[in-house]
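Please open the model in your viewer and keep the selection tool at hand, since this tour goes from one selection to the next. At each stop, make the selection that is named and then read what is there.

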Amino acid sequence: MYIGRFIVVGPGVGAYRVSSRSFPNRQIVERDGTLTVTPTPDAPETDNPYIAYNCVRESDGRAVLGNGSHVDPITEKLDMGYPARDALATALLSLDYEKDDYDTPRVAGVVGAEAATVGIVRRDALLVEEVSEPTLVATYEEDDPRAFDFEAATADAAAREAYDADFEHAVCAAGISVDDTVETSVVNGDDA
């Protein structure tokens, strides 16, 4: 099944995976503590504004992850002292779903050592909820947050498990773990 981009968030662990039929020539790179989705060096040129963005950022011992430019304002709101629920709701509502041919939803999560919050904005809804177990939400098919069997406890394991998840068109994945610090890991298609 093709579910597009997805996140898994739970207390202490999370993951983000790029799955794509249209733009598979992408990778995740680390830049000054931020994980960014970028085209690979051999990717065809495009003017699509949705294929390059920060997908994981840290804020005060928590990790923010998501499938687009909304990751930055969520992080900024957390840095200003907003609760995770309010930071997610404010940014997702402000930016809304992507205005592309598919009305692609925006998915995002905030992962702390003891708490996690997941959110999605799609054409017909804005959902934000605190979760106590690993929870999946995706841009297509799986666009209602649901509990998800996710065993990873480390950033490396989370990136690998997300990349290897049984959904079509894996491109790259990021994993995060949060304890005393935020740890990140990346699996790109050429690493697989």
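Begin by selecting helix α1 in this predicted model, and then add β5 (53–59), β6 (62–66), α2 (84–95) and β7 (106–111), which are the elements that the buried residues of α1 pack against. Within the helix, which spans residues 71–79, the side chains to display are V71, I74, T75 and L78, and these residues are buried. Turn the view until you look down the axis of α1: its buried residues fall within an arc of 100°, so they line one face of the helix. The general background is that an α-helix has 3.6 residues a turn, so residues three or four places apart point the same way. Before leaving this part of the chain, select G81, which follows α1 and has a positive phi, near 100°.

The next stop concerns charged side chains, and a search of the whole structure finds 8 salt bridges. Select R85 and D86, which form one of them, with their closest N and O atoms 2.7 Å apart. Are these two partners buried or exposed? D86 counts as partly exposed, at 24% relative accessibility, while R85 is exposed, with a relative accessible area of 54%.

Now move to R122 and D124, whose side chains meet in a salt bridge with an N to O distance of 2.6 Å. Here R122 counts as buried at 13% relative accessibility, because buried means under 20%, whereas D124 is exposed, with a relative accessible area of 62%. Add D144 to the selection as well, and you have a network of salt bridges that links R122, D124 and D144.

A further pair to select is E142 and R146, where the side chains meet in a salt bridge at 2.6 Å, N to O. In this pair E142 is buried, with a relative accessible area of 14%, and R146 is partly exposed, with a relative accessible area of 32%.

For the last stop, turn to the largest pocket, in which about 300 Å³ of space lies. Which residues should you select to find its centre? Of the 18 residues that line this pocket, R5, S22, F23, D100 and Y102 are the closest to its centre. If you colour the lining of the largest pocket by class, it divides into 7 nonpolar, 5 polar and 6 charged residues.

Terms used
Residues are numbered from 1 along each chain as its sequence is written. This is a predicted model: local features need pLDDT of at least 70, side-chain atom pairs count only at pLDDT 80 or more; totals for chains, interfaces and linings use all residues. Side-chain values use heavy atoms; hydrogens and water are left out. A salt bridge is a side-chain nitrogen of Lys or Arg within 4 Å of a carboxyl oxygen of Asp or Glu. Buried means under 20% relative accessible area, exposed over 50%, partly exposed in between (1.4 Å probe, protein chains only). Helices (H or I, at least four residues) and strands (E, at least two) are DSSP runs, numbered from the N terminus. The arc is that of the directions from the helix axis to the C-beta atoms. Contact means heavy atoms within 4.5 Å. On a 1 Å grid over the protein atoms alone, a cavity is a set of points where a 1.4 Å probe fits but cannot get out, and a pocket is an open set with protein on both sides within 12 Å along at least five of seven lines; lining residues have an atom within 4 Å of a point. Grid points are joined across faces, edges and corners, and a volume is the space filled by probe spheres set on the points. Ala, Val, Leu, Ile, Met, Phe, Trp, Tyr, Cys and Pro count as nonpolar, Asp, Glu, Lys and Arg as charged, and the others, Gly among them, as polar.
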